[in-house]
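Reader: I would like to learn how to read the contacts inside a structure. Could you walk me through one, step by step?

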Amino acid sequence: MQVPPQFEYERATSIEQALELLARLGPEARLLAGGHSLLPMMKLRLAAPEHLIDIDPLADELGYVREQDGELRIGAMTRHRELLDSELLRRRAAIFADAERVIADPVVRNRGTIGGALCQADPAEDLSAVCAAVGARVVIRGRDGERVVVMPEFHRGPYETAVGEAEMVTEVRIPLSPGFGSAYEKVERRVGDWAVAAAGASVRMDDGEIARAGIALAAVGAGVTSAEAEAALAGRRPSEEAFAEAARLAVEHCSPVDDQRGSAEYKRHVAGELTRRALRRATARALREEG
Amino acid sequence: MSTTEERPIGFGRLKRKEDARFIRGQGRYVDDVQLPGMLHGAVLRSPYAHARIVSIDVSAAQQHPKVHAVLTGRDLDGLGLAWMPTLSMDTQAVLATDKVRFQGQEVAFVIADDRYAARDALELIDVDYEPLPVVVNARRALDADAPVIRDDLEGKADNRIFDWEAGDRAATDAVFARADVVVSEEMLYPRVHPAPMETCGAVADYDAVEGSLTLWSTTQAPHAHRTLFALVARLPEQKIRVIAPDIGGGFGNKVGIYPGYVCAVVGSIVTGRPVKWMEDRSENLMATSFARDYVMRGSIAATRDGRILAVRVDVIADHGAFNATAQPTKYPAGFFHVFTGSYELEAAHCAVTGVYTNKAPGGVAYACSFRVTEAVYLVERMVDLLARELDADPAQLRLANLIRPDRFPYEAKTGWVYDSGDYETALRKALEMAGYEQLRAEQAERRERGELMGIGLGFFTEAVGAGPRKHMDILGLGMADAAELRVHPTGKAQLGISVQTQGQGHETTFAQIVAQELGIPPEDVEVVHGDTDRTPFGLGTYGSRSTPVSGAAAAVVARKVRDKARVVASAMLEVSADDLEWERGRWFVRGDPDQGATIQEIAMAAHGTVELPKGVEAGLDSETVYDPPNLTFPFGAYLCVVDVDPGTGKVTVRRFVAVDDCGTRINPIIIEGQVHGGLADGVGMALMELIAFDEDGNCLGGSLMDYLIPTALEVPDWETGFTVTPSPHHPIGAKGIGESATVGSPPAIVNAVVDALRPYGVRHVDMPCTPSRVWEAMQGRGAPPQ
């Protein structure tokens, strides 16, 4: 059994209390929002927070998926399992179900939360790419109120986010519109493994043209979104040529590394392949109004 | 007494007796052992693959309030225990004294009140290392400028461990010289790890007053461990009791003695308290017995019309930093020389060179049947390469060259005498179950559409059940196994065996063997194992030897009881023993079937007052030591269908057909379970498992995030079948099944992958066939994994 170093445990029963504890305990405190990344890192002694603030009691308050004011709103403590099972998400943003089907395993999905995943900001993490691809905005609450940031602002790099000390993520908001479609494609060596490469895509179709495209890659050292590829699709009619051009641009702006999951060369290739596939599926869904 | 499918008397589909406690979470593993006053140990491991130890400062760790003792190599040296013998007659550092030779090597041992404190205190030990050049690639281990890893060995100036060969080199060369067709390929069977669910560990309890040691440990060979501890620690053997409680999987990972066990023993002696040491998952993956790591250059010779003539192979065997593999002493490459496979050959030769590298020691593990895995992979890949060269159908090529049934017992060109086999029947059955012709037709259609479907065959012959004492020993201990059968007055029985279950279902299988022989219900037979004080001596469970060796012992001892029962029955019935006949569970008077006595009646009488013939002692108890006359040779025909995504290189195993012949089938449920598990192993090895290293010798497979093992989602519904060709020399004709599927499945899967990639001109892909590696092979840039 791998054993973590010593830490103190606190349990927060309200958002206010969690923020209060964060402020009081300082930078060596971490929120426990599922724990399926943090606890393994502690057991491997890659992380050694002095305090854990367990926000599991907030799972009811912050566990929801709903449609409100033309947006999908997902509470930060919504578990992977709930995202996978959500009928609303399946209808309006199918990319979530695509991704959740290949995130970890049922045991992890039963506990892990979207807020925890986004704040972990692992470079191979799927929900960051999903949220970036659908143009999500993240609600960050501090003791003085809340602010709403777009994904490129939220996700600052590997393991780094816009969430400051004594702040926490409370909600994720996804803009909805007619003609919207989204999809997620991932290659992994085994179910539950981190992605070798993954691509999320969304399109908003307007009168047969792509009014807006969202593209985000995971695990290949890409930007939060593949802005150049997105721009190249705007205003174009969907076609294999257009998708190939977008894929080429997305690949051009990523910088994968050789590792056990695959060579950099392969990751570039497959990032392009997956971008094309995701765009194809997202477009098909958009045309069928399937989210 | 009725026998049904569900409750057979003897062989049949009996539900596993041990599952009641496993399913209810009532199994008792080493980590469940709690003793009063027990302390906990943790091992400090080297971060370097090769480095000189300049100094070790343990003072801060010693001052940790919960620490009782800190052991280093210097402390052990004072006791003569800094080094220990390995199962291959090499030596291995228990705690490093001079230098470290692989990342993860044991450097110090902390004993504390609890495992948290022990682990925390490791971080207080200050070791000053001077890094040395590293060699991790076996192909470079013998280069002139390679660093010498084992400079502790007198006069050692290179990294060569052994050179060993089998077969006839000259005769093989001659056949190759005149062959129409020769195909060669270099292939790596990469380093993989058995990764049992339970990691390794021990609880040592030394009683200073009695001078006795009780050791609970994760061992597949409790008796051999007892003897080794007696020799290593110089404790009297009668004062040592080794207890192997429930074992959460072994697969060869738990055959050897690890430094942590020795440290736990020393720790208990030093502190006067029981000491528990359980390694964690990373320690298990990084430091304990890996498997394979064989670089094989194979060649196959044939006539143009498809008759296979000869096979030869040169191997560089990576044994890591210490030669600690477990195999019969005479065979440093294990049973690799069964690489002639299932084919009638004119000649064969192999040369194996073992080398040291800066990697964890091991090599023989993971259900490999002493390297039969590597052998079967080699020959089955070579046959497929030959089929490709000849543009022949791989099934037809195999059918034309399999050893025919009338050739058994068959003497292979490397010296094995295969006991029995009917290979063609098994292969035809697999082809029929799979619908081979339709599959080939479907493949052709799919190829037209640019889809990549592959069909792979693998045929294997295993050599298991080691083995005859005059040929086979481990550290001088002959590979025989004993069994002891006690029959209580009520006719219930207790069978003591020397082999050690790690999940194989011994408590059921062995009860069924006795039940079959004595005609009493299997539930009346309690199987005792895993405690050296309660069971007779034997060498333990690995190399699929439990049923071939200990199963034979169980049958023989039951027959001795039956024979004794006949004598007692003759006294009870007042007839001559010669006039008695046996039916299941009962001796009766020939010609007068009503006159008879059941085993239960006889048992009571044997313990009662019936007057027995002169020289016949009361009771029915008996014991035996079984020395196998030969190995047994299970075989099977496997067929795998894969689909490869042309855009991503991702391989999906669509179907897997496995026809196994393990001789007499004792419990088909357990056999099927063994096959299912082994096939999953094969999918793992073929597609994802790899213990890799970077050039500095850092282990890249040290967690289950990095070392992938397959899940239910990577495996298809297994399609299993069987044929039955009993072993002629085994008392019940059984051959063993534990490792067949692990041995036989990887080549079938890789053959399928290569077959799928045929449109890309791919000849070979080394395992693991990950998406990246498959795609690179499709681009013509395939390379062995590092």
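Author: Gladly, and please keep in mind that this is a predicted model. Let us begin with buried area as a way to read how two parts meet. Domain 1 of chain B and domain 2 of chain B bury about 1700 Å² between them, and 59% of that is on carbon and sulfur atoms.

Reader: Where do the domains of chain B run along the sequence?

Author: A domain can be made of separate stretches of sequence, as the assignment for chain B shows: domain 1 takes 33-132 + 197-249 + 254-287, domain 2 takes 291-466 + 630-780, and domain 3 takes 480-626. The contact between domain 1 of chain B and domain 2 of chain B draws 22 residues from domain 1 and 24 residues from domain 2. Their C-alpha centres lie 37 Å apart.

Reader: How many salt bridges cross the interface of domain 1 of chain B and domain 2 of chain B?

Author: A salt bridge pairs a side-chain nitrogen of Lys or Arg with a carboxyl oxygen of Asp or Glu, within 4 Å. By that rule, zero salt bridges cross between domain 1 of chain B and domain 2 of chain B. Polar contacts are another thing to look for, and here the count is 10 residue pairs, both partners at pLDDT 80 or more.

Reader: Which element of chain B gives the largest share of the side of domain 1 that touches domain 2?

Author: Here we ask which helices and strands the contact residues belong to. Strand 5 (91-93) and helix 8 (281-287) of chain B each supply at least two residues of that side of domain 1 of chain B. The largest share, five residues, comes from helix 8 of chain B. Sorted by class, this side of domain 1 of chain B has 11 nonpolar, eight polar and three charged residues.

Reader: Now I would like to try chain A. How is chain A divided into domains?

Author: The same kind of reading applies. Chain A is divided into domain 1 (8-55), domain 2 (65-175) and domain 3 (180-187 + 195-287). Between domain 2 of chain A and domain 3 of chain A, the contact takes 21 residues from each domain. The C-alpha centres of these two domains are separated by 20 Å, and the domains bury about 1400 Å² between them, 61% of it on carbon and sulfur atoms.

Reader: How many salt bridges does the rule find between domain 2 of chain A and domain 3 of chain A?

Author: The rule finds three salt bridges across this interface. For a pair to look up in the model, try Arg285(A) and Asp98(A), whose side chains meet in a salt bridge at 2.8 Å, N to O. The interface of domain 2 of chain A and domain 3 of chain A also has 10 residue pairs in polar contact, both at pLDDT 80 or more.

Reader: Which helices of chain A supply the side of domain 2 that touches domain 3?

Author: Helix 5 (95-101), helix 8 (126-133) and helix 9 (151-154) of chain A each supply at least two residues there. Helix 8 of chain A gives the most, with five residues. By class, this side of domain 2 of chain A has 15 nonpolar, two polar and four charged residues.

Reader: What about the place where chain A and chain B meet: how many residues does each chain bring to the contact?

Author: An interface between chains can be read in the way we read one between domains. Chain A brings 25 residues and chain B brings 31 residues. The area buried between chain A and chain B is about 2500 Å², with carbon and sulfur atoms giving 53%. Four salt bridges cross this interface, and Arg45(A) and Glu123(B) form a salt bridge at 2.9 Å, N to O. There are also 13 residue pairs in polar contact between chain A and chain B, both at pLDDT 80 or more. On the side of chain A that touches chain B, helix 12 (residues 264-287) of chain A gives the largest share, seven residues. That side of chain A has 11 nonpolar, five polar and nine charged residues.

Reader: Which parts of chain B does the salt bridge of Arg13(B) and Glu672(B) link?

Author: A salt bridge can also join parts of one chain. Arg13(B) and Glu672(B) form one, with their closest N and O atoms 2.9 Å apart. Arg13(B) sits in the segment before helix 1 (19-23) of chain B, while Glu672(B) is in helix 16 (residues 668-687) of chain B, so the partners are 659 residues apart along the chain.

Technical notes:
Residues numbered from 1 in each chain as written. Chains lettered and ligands numbered in written order. Predicted model: local features only at pLDDT ≥ 70, side-chain atom pairs only at ≥ 80, totals over all residues. Heavy atoms only, no water. Domains from an automatic or database assignment. Contact = heavy atoms within 4.5 Å. Buried area = accessible area lost by both parts, 1.4 Å probe. Polar contact = N/O pair within 3.5 Å; in protein donor to acceptor, adjacent residues only side chain to side chain. Helix = DSSP H or I, 4+ residues; strand = E, 2+ residues; numbered from the N terminus. Nonpolar A, V, L, I, M, F, W, Y, C, P; charged D, E, K, R; others polar.
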